[in-house]
Amino acid sequence: MATTAGLDVLTADYLAGLAEKTPGSHALRTQAELVLSGGVSSHFKAWQPFYVSKAEGSHLTDVDGNDYVDLVMGFGPNSLGHSPAVVTAAVRAVLDHGTSLAVATPLEVELAQTISRLVPSMEQMRFVVTGTEATMMALRTARAFTGRARVARFEGHYHGQHDGALASVAHVAGSEQRPQVVADGAGIPQGVLDDLVVLPWNDIDAVAPLVRETVDGLAAIILEPVPFSNIGGVEPDREFLRALRELTTRHRTLLVFDEVITGFRLGLGGAAAHFGVTPDLHVFGKAVGGGFPVGVFGGRRDVMEAVVRPRPGDPHSAETIFQSGTFSGAPPAMAAGLAMLRELERTDAIAVADARAEAIRAGWREIVAELGLQAQVTGISSWLGISFTERQIRTLRDALTADRARARAFSLGLLAGGVYLAPSHPGFTSSAHSEHDVRRVLDVSADVLARIAAAGC
């Protein structure tokens with residue numbers, strides 16, 4: 001374990017260097033904190049000591065003109081890189097025809113047809129604006145279809161920021177085999193928490209009895225097929241997902257795949273194709289919008305027809321859910337999503353992004369091994385992460401053993417060297433990342449990791 005004093009000095013050194021090269025960002029932060037809570041519009045942005053003026057390809061340029069290789073990529077939607085010409089051209093082509101119409105357009109139909117062709121189990125769907133909205137609607141659909149109230153979710157899996165999602169995402173309670181629900185923040189009613197069941201990830205022997213105990217009231221089990229935000233993008237045991245599918249089928253509980261991250265990154269068929277496991281409902285977002293705000297929920301035709309299709313003359317029927325949205329299906333977002341999916345089909349963009357990520361992961365493994373650092377390099381496909389712990393990461397509890405001080409020093413050191421990766425959070429590559437970008441990332445990483453190792457063990 002690195003000494004606190006050594007890491008404090010290293011972190012302070014990086015912060016001082018960044019302050020010197022980003023005076024414009026620091027001045028802007030002072031202004032922003034007067035009008036934006038924490039100076040930003042998202043908790044995930046709160047740590048960053050810089051503001052961006054331009055994003056193109058695999059690079060960011062901050063307001064002071066500094067260039068960075070971006071390994072965050074908007075947390076996932078930019079599979080082709082920032083501002084890809086094929087997407088921006090498609091959006092420009094529809095802007096003069098209306099931006100938010102509150103009327104259906106052919107673009108909605110085209111995008112839905114494309115998704116259904118690529119992911120056949122998405123027989124019917126609805127477009128919303130965010131992944132949060134999509135998971136919320138998918139769970140409402142499951143409750144309406146089953147007539148049950150409770151939902152089970154796994155420790156460490158992120159499903160957005162609605163009340164029913166923000167529990168046991170970043171915190172743990174209870175034992176590893178029998179976890180307890182714990183709120184991830186203020187303002188979540190106890191009544192909402194009472195309807196949640198928390199399950200241990202990647203252990204069907206522990207999951208099965210917990211499901212049997214609650215099955216009479218259990219509407220759905222929702223999961224990230226590859227948990228990203230808090231478990232590092234580590235692939236689960238394949239037999240675990242297959243066994244979970246069998247368990248939910250047996251008990252008539254709907255299985256919901258939250259594919260906001262995996263959708264159209266883990267191959268065009270997403271997790272269902274990758275793992276050979278078909279859920280009852282899917283949730284998509286990020287890449288499906290081509291960098292624009294799009295969420296999608298849907299799946300089995302019988303489920304969607306039963307409780308989502310509105311009843312004639314009564315949109316608020318007690319037999320169906322209510323789902324609507326001012327910006328749902330907005331033409332610019334639909335055009336961007338269509339352009340993205342067509343380009344992913346037409347080119348080897350997914351394979352290129354995957355190869356760049358694997359090159360970085362391989363380089364990180366080699367560096368930490370040479371330095372003797374206790375670190376786990378994680379991720380599959382085009383996402384990548386590094387956690388400073390000796391413990392192999394399979395669950396949230398494994399991930400929570402990581403040294404956050406080292407993670408912060410690593411991210412700040414990368415940033416000082418012109419590479420952007422958020423601390424204690426996996427990142428992404430895109431098809432826009434070049435071999436030169438990979439070399440730059442690894443060169444900077446080698447220097448920063450060596451300094452972390454030198455801070456003391």
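## Pockets, rings and charges in a predicted model

About 40 Å³ of space lies in the largest cavity of this predicted model.

User: Which helix gives the largest share of the lining of the largest cavity?
Analyst: Start with who lines the largest cavity: S79, R265, L344, A349, I350, A353, D354 and S382. Four residues of that lining come from one helix, covering residues 349-371. The helix you're after is α12.

User: How many cavities of 30 Å³ or more are there?
Analyst: The largest cavity holds about 40 Å³, with S382 among the residues lining it. Counting cavities of 30 Å³ or more, the answer is two.

User: How much space lies in the second largest pocket?
Analyst: Let's look at the walls of the second largest pocket: 31 residues line it, and E108, M125, R126, F127 and Q323 are the closest to its centre. α4 (106-118), β4 (124-128) and α10 (301-307) each supply at least two residues of the lining. The space in this pocket comes to about 690 Å³.

User: On to the rings. How are F50 and Y420 arranged as an aromatic pair?
Analyst: The structure holds twelve aromatic pairs, and F50 with Y420 is one of them. Their ring centres sit 5.2 Å apart, with 80° between the planes. Planes over 60 degrees apart get their own label, so this pair is edge-to-face.

User: How many residues apart in sequence are the parts that F50 and Y420 tie together?
Analyst: F50 lies in the loop between α2 (23-35) and β1 (52-56), while Y420 lies in strand β13 (residues 419-420). The pair therefore ties together parts of the chain whose separation in sequence is 370 residues.

User: Is F50 buried or exposed?
Analyst: The cut-off for buried is under 20% relative accessible area. F50 has 2%, and its partner Y420 has 7% and counts as buried. So F50 is buried.

User: Which residues form one aromatic cluster with F50?
Analyst: We've already met one member, since F50 pairs with Y420. The cluster has one more name to add, so F50's fellow members are Y68 and Y420.

User: What about W201 and F240: how far apart are the parts they tie together?
Analyst: W201 and F240 form an edge-to-face pair, 5.0 Å centre to centre. W201 is buried at 3% relative accessible area, and F240 is buried at 3% too. W201 lies in the loop between β6 (196-199) and α7 (204-214) and F240 in helix α8 (residues 238-250), so the gap in sequence is 39 residues.

User: Is L34 buried or exposed?
Analyst: L34 lies in helix α2, and together with V35 and L36 it makes a nonpolar surface patch of about 340 Å². Its relative accessibility is 74%, and the cut-off is over 50%, so L34 counts as exposed.

User: Now charges. Which residue forms a salt bridge with R451?
Analyst: Side chains of opposite charge can pair when their charged atoms come close. R451, in helix α15 (residues 435-454), has a partner in helix α1 (residues 4-21), 438 residues apart. The closest N and O atoms are 2.7 Å apart, and the partner is D13.

User: Which residues are joined into one network by salt bridges that share partners?
Analyst: Some of the 20 salt bridges can be looked at as pairs, including E235 with R238 at 3.2 Å, N to O. E235 is partly exposed at 27%, and R238 is partly exposed at 33%. The network formed through shared partners is made of R245, D280, R300 and D302.

Conventions: Residues are numbered from 1 along each chain as its sequence is written. This is a predicted model: local features need pLDDT of at least 70, side-chain atom pairs count only at pLDDT 80 or more; totals for chains, interfaces and linings use all residues. Side-chain values use heavy atoms; hydrogens and water are left out. Rings of Phe, Tyr and Trp (its six-membered ring) pair if their centres lie within 6.5 Å; planes under 30 degrees apart count as stacked, over 60 as edge-to-face and the rest as tilted. Buried means under 20% relative accessible area, exposed over 50%, partly exposed in between (1.4 Å probe, protein chains only). Patches are made of residues with over 30% relative accessible area and no salt bridge: like charges are joined within 9 Å, nonpolar side chains (Val, Leu, Ile, Met, Phe, Trp, Tyr) within 5 Å. Accessible areas come from the Shrake-Rupley method with a 1.4 Å probe; for residues, only the protein chains shown count as cover. A salt bridge is a side-chain nitrogen of Lys or Arg within 4 Å of a carboxyl oxygen of Asp or Glu. On a 1 Å grid over the protein atoms alone, a cavity is a set of points where a 1.4 Å probe fits but cannot get out, and a pocket is an open set with protein on both sides within 12 Å along at least five of seven lines; lining residues have an atom within 4 Å of a point. Grid points are joined across faces, edges and corners, and a volume is the space filled by probe spheres set on the points.
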